[in-house]
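Me: I'd like to learn how to read a fold step by step, from strand pairing to the unusual backbone spots. Could you walk me through this one?

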Amino acid sequence: MIYSADQNRYSAMEYRRAGKSGVKLSKIALGFWHNFGDVNTLDNSRKIMRFAFDKGINYFDLADNYGPSYGSAEETFGVIYEKDFKPYRDEMFIASKAGHDMWEGPFGEFNSRKHLMAGIDNSLKRMKLDYVDIFYSHRYDPETPIEETLQTLVDIVRSGKALYVGISKYPADKAEFAYKYLSDRDVHCLLYQGKYNMLSREPEEDILPECETSGVGFAAFSPLAQGLLTGKYLNGIPEDSRMAKDFFLKKADLTPEMIDKLRQFKKEADELGLSPAQYALDFVLKNKNVTTVIVGASSVKQLDELIF
Ligand SMILES: NC(=O)c1ccc[n+]([C@@H]2O[C@H](COP(=O)([O-])OP(=O)(O)OC[C@H]3O[C@@H](n4cnc5c(N)ncnc54)[C@H](OP(=O)(O)O)[C@@H]3O)[C@@H](O)[C@H]2O)c1
């Protein structure tokens, strides 16, 4: 079936400016870390992506190693993009990242020019794109000189392979250095991407205030703490859940203290007439320096609940 996007897709979604920039992103963004790999069905991934776009989501967050297997989420994106989304390219803000482990050998991870240049080229091929809207340095590398990494980001923008750049999980002092290095070369850092949710509030201390001072937007990842904050673990661990896999989200995290905390959140959510997941997203979005929350969803039903 040829995809034709919902004509009312921009009517209900809120769009927020990314720091001091010309870019407005949907307050909810779709993440491709899980649910788009070659272990997932193309049909389900396609349904989720179509639904997201139909609901006004314009930011799609990928990285080279999302899957599993590594690279396969970008490949899945490429297939769906070619089938459904090519006519909508100018309405989409597409991100990729490099810096985590991706291939064998000393060039296969971290932030050397060698790794990042190969990373962007390989991502573009997999996604079947000429350029990404934003390319992130996925993590801080304590061994590579930060200037080498940042100059590579500048050169990626100059080459037209990315329109904007961002950084993810950098310590506050390194982020500050990056914002200045980049803006001195007329390449404004568009977004800092960091973990922020009701259980992980560290960015409030320094990263978020620094974003405000530097005019950098903030994209919050894992706003549902990988599903913990949705209420789904209040009565045990559902078989098909991320925690059941006990890999990225550990069963050991579900302590009696954690369950008490989650029960309390649910009570607060009930009082506001929100589901626990909506309450968790609302909490993050209340911070005026947050541009967007990047959610994961393993079904259209889940995503539907997150768009409110
Ligand atoms: N920069 C970085 O280093 C970094 C790191 C992590 C993530 N990210 C980005 O952030 C995105 C989101 O991360 P995340 O997947 O951890 O986000 P999350 O939104 O905190 O968790 C998503 C998971 O929660 C569960 N869930 C979502 N909605 C639900 C609902 N309505 N009811 C019940 N369960 C629900 C689903 O897991 P199950 O159904 O499988 O249980 C879903 O996959 C990633 O895709 C990626 O783009 C970036």
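Me: How many bridges join strand 7 to strand 8, and do they run parallel or antiparallel?

Reply: Start with the rule: two strands pair if DSSP finds at least two bridges between them. Strands here are DSSP runs of E of at least two residues, helices are runs of H or I of at least four, and both are numbered from the N terminus. In this case strand 7 (residues 162-168) and strand 8 run parallel and are joined by four bridges. One place to look is Ser168, whose bridge partner in strand 8 is Gln193. Between these strands the chain passes through helix 5 (residues 172-184), making a right-handed β-α-β crossover. Right-handed is meant as follows: with the strands pointing away from the viewer, the path from the first strand over the helix to the second runs clockwise.

Me: Before we go on, what kind of model is this, and how are residues counted?

Reply: This is a predicted model: local features need pLDDT of at least 70, side-chain atom pairs count only at pLDDT 80 or more, and totals for chains, interfaces and linings use all residues. Residue numbers start from 1 along each chain as its sequence is written.

Me: Which strand pairs with strand 8 through five bridges?

Reply: That is strand 9 (residues 217-221), and the two run parallel. Tyr192 has Phe218 in strand 9 as its bridge partner. The connection from strand 8 goes through helix 6 (residues 207-214), and this β-α-β crossover is right-handed too.

Me: Why is strand 8 described as largely enclosed?

Reply: Burial is a neighbour count: a residue is buried if 20 or more other C-beta atoms lie within 10 Å of its own, exposed if 12 or fewer, and partly exposed in between, with C-beta atoms placed from the backbone. Six of the seven residues of strand 8 (residues 189-195) are buried, so the rest of the structure largely encloses this strand.

Me: What does the same count say about helix 9?

Reply: Helix 9 (residues 276-285) has seven buried residues out of 10, so it is largely enclosed by the rest of the structure. They are Pro276, Ala277, Tyr279, Ala280, Leu281, Phe283 and Val284. To see what they pack against, use contacts, where two residues have their C-beta atoms, placed from the backbone, within 7 Å. The buried residues of helix 9 pack against strand 9, helix 8 (256-272), strand 10 and helix 10.

Me: How do I step back to the whole protein, and what percentage of its residues count as buried?

Reply: The protein has 10 helices and 10 strands, and 44% of its 308 residues count as buried. For overall form, take the radius of gyration over C-alpha atoms and set it against the globule rule, 2.2 Å times the number of residues to the power 0.38. A compact globule of 308 residues would be near 19 Å, and the protein, at 19 Å, agrees. The C-alpha trace spans about 50 × 50 × 40 Å along its principal axes. Among contacts between residues at least 6 apart in sequence, 75% join residues at least 24 apart.

Me: Where should I look for unusual backbone geometry?

Reply: Most residues other than glycine have a negative phi, and most peptide bonds are trans. Here a cis peptide bond joins Gly67 and Pro68, with omega about -10°, and another cis bond joins Pro68 and Ser69, with omega about 0°. Pro68 sits in the loop between strand 4 (59-61) and helix 2 (72-85), as does Ser69.

Me: Which residues should I check for a positive phi?

Reply: Try Phe110, with phi near 70°, in the loop between strand 5 (93-98) and helix 3 (113-127). Phe110 counts as buried because it has 23 C-beta neighbours inside 10 Å. Then visit Gln226, with a positive phi of about 65°, in the loop between strand 9 and helix 7 (242-245). Gln226 is buried as well, with 21 other C-beta atoms within 10 Å.

Me: Last stop: which residues come nearest to the ligand?

Reply: A residue is near a molecule if its C-beta atom, placed from the backbone, lies within 6 Å of it. Of the 30 residues around the ligand, Gly31, Trp33, Phe221, Gly227 and Gly296 come nearest. Helix 10 gives the most to this shell, with three residues.
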